[in-house]
Amino acid sequence: MAPPGRGFISTLVLVALLAIAPLLTADASSLSLTLHGHGQDCTDARFCFTIEEGNLTNLTPGTTVSLTFENHDTAIHNVYVAPLDQANPNRASTNPDHALATTQDLGPGQQDRITFTAPTNTTGLYFWCEVSSHEAHGMYLEAPYDPETWEPPEPHEAPYPLLQSLIKITLILLATGETRQTRKR
Ligand SMILES: [Cu+2]
């Protein structure tokens, strides 16, 4: 992972191919949402946002995320964010009721800030444009939590086998001790 620049505006490629989605955390100092094909950046400013403030570096659950998006396009767009597992599997028509935060509808050159807590019960964040069918055309971003700083909780294993062994040993020791005491009398 390349160390991301902090506090500076740069353009991050919006990666939308599922196979390369994990690369998003590699350089997340800014974010572009692009409709122009996954893996491309926002150089022509169409159907994409840039993050003017904030970043997705070291994205971990439970932290406060604050991002300012700017629409560089001539069309209206917005940004919705939801838990990654709430994204529509087809990456189209994700239910806006799942949104943790939303920007206003942003016209050309407009900015808006969203602030939210990264949820703990999911694997990452999902950003999308809720205008028309923009999401279905690729205007979305998957931002999985950085696996280096966070791991999903392991399934709980019942400690019963160990506990039972301990109880057994204790009972045996007690019984042995009692037997000795009985013999002494
Ligand atoms: Cu849009």
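# A tour from the β3-β4 loop outwards

Start by selecting Gln86, which sits in the loop between β3 (80-83) and β4 (101-102). Before you click further, note that this is a predicted model, in which local features need pLDDT of at least 70, side-chain atom pairs count only at pLDDT 80 or more, and totals for chains, interfaces and linings use all residues. Residues are numbered from 1 along each chain as its sequence is written. Strand and helix names follow DSSP runs numbered from the N terminus (helices are H or I with at least four residues, strands are E with at least two).

**Stop 1: around Gln86**

Is Gln86 buried, exposed or partly exposed? It counts as partly exposed, because it has 16 C-beta neighbours inside 10 Å. The scale behind that label calls a residue buried if 20 or more other C-beta atoms lie within 10 Å of its own, exposed if 12 or fewer, and partly exposed in between, with C-beta atoms placed from the backbone.

Now add His98 and Tyr126 to your selection: leaving aside neighbours within four places in sequence, these are the residues in contact with Gln86. Contact here is a C-beta criterion (C-beta atoms, placed from the backbone, within 7 Å). If you draw a distance between the C-alpha atoms of Gln86 and His98, you should get 6.6 Å, although 12 residues separate the two along the chain.

Stay in the loop between β3 and β4 and move to Ser93. Its phi is near 55°, a positive value in a residue other than glycine. Ser93 counts as exposed because it has 12 C-beta neighbours inside 10 Å.

**Stop 2: the four-stranded sheet**

Colour β4, β3, β6 and β7 next. They form an open sheet in the order β4-β3-β6-β7, with antiparallel pairing. At its edges are β4 and β7 (140-144), each of which pairs on one side only. Pairing has a simple test: DSSP must find at least two bridges between the two strands.

The antiparallel strands β3 and β4 are joined by two bridges. To see the register, select Val81 and look across to Ala101 in β4, which stands opposite.

Then follow the chain to the loop between β6 and β7, where you will find Ser132. Here is another positive phi outside glycine, near 45°. Why does Ser132 count as exposed? The label applies because Ser132 has 12 C-beta neighbours inside 10 Å.

**Stop 3: the nonpolar core**

Switch on side chains for Val79, Val81, Leu125, Tyr126, Phe127 and Trp128. These have the most contacts inside the largest nonpolar core, which has 26 residues. Such a core is a set of buried Ala, Val, Leu, Ile, Met, Phe, Trp, Tyr and Cys residues joined through C-beta atoms within 7 Å. At least two of its residues come from each of β1, β2, β3, β6 (124-128) and β7. Which strand gives the largest share? That is β6, with four residues. You have already met two of the core's best-connected members: Val81, and Tyr126, the latter as a contact of Gln86.

**Stop 4: the three-stranded sheet**

Hide the core and bring up β1, β2 and β5. These make an open antiparallel sheet in the order β1-β2-β5. Its edge strands are β1 and β5, each pairing on one side only. Neighbouring strands in this sheet are turned by 35° against each other on average, direction ignored, with axes as lines fitted to C-alpha atoms (for helices over the stretch in contact) and angles running from 0 to 180 degrees between N-to-C directions.

Between β1 (residues 49-53) and β2 (residues 64-71) there are four bridges; select Thr50 and you will see Glu70 of β2 opposite. On the other pairing, β2 and β5 (residues 111-117) share seven bridges, with Ser66 partnered by Thr115 in β5.

**Stop 5: zoom out**

With everything shown, the protein has one helix and seven strands, running β-β-β-β-β-β-β-α from the N terminus. Of its 185 residues, 30% are buried.

Finally, colour by pLDDT, the predictor's confidence in each residue, from 0 to 100. The mean for the protein is 74, and 57% of residues reach 70 or more. Confidence is highest in β4, at 97, and lowest in helix α1 (residues 160-184), at a mean of 63. Over residues 8-31 pLDDT stays under 50, as does that of residues 35-39. Where pLDDT is low, the predicted coordinates should not be read in detail.

Technical notes. Two residues are in contact if their C-beta atoms, placed from the backbone, lie within 7 Å.
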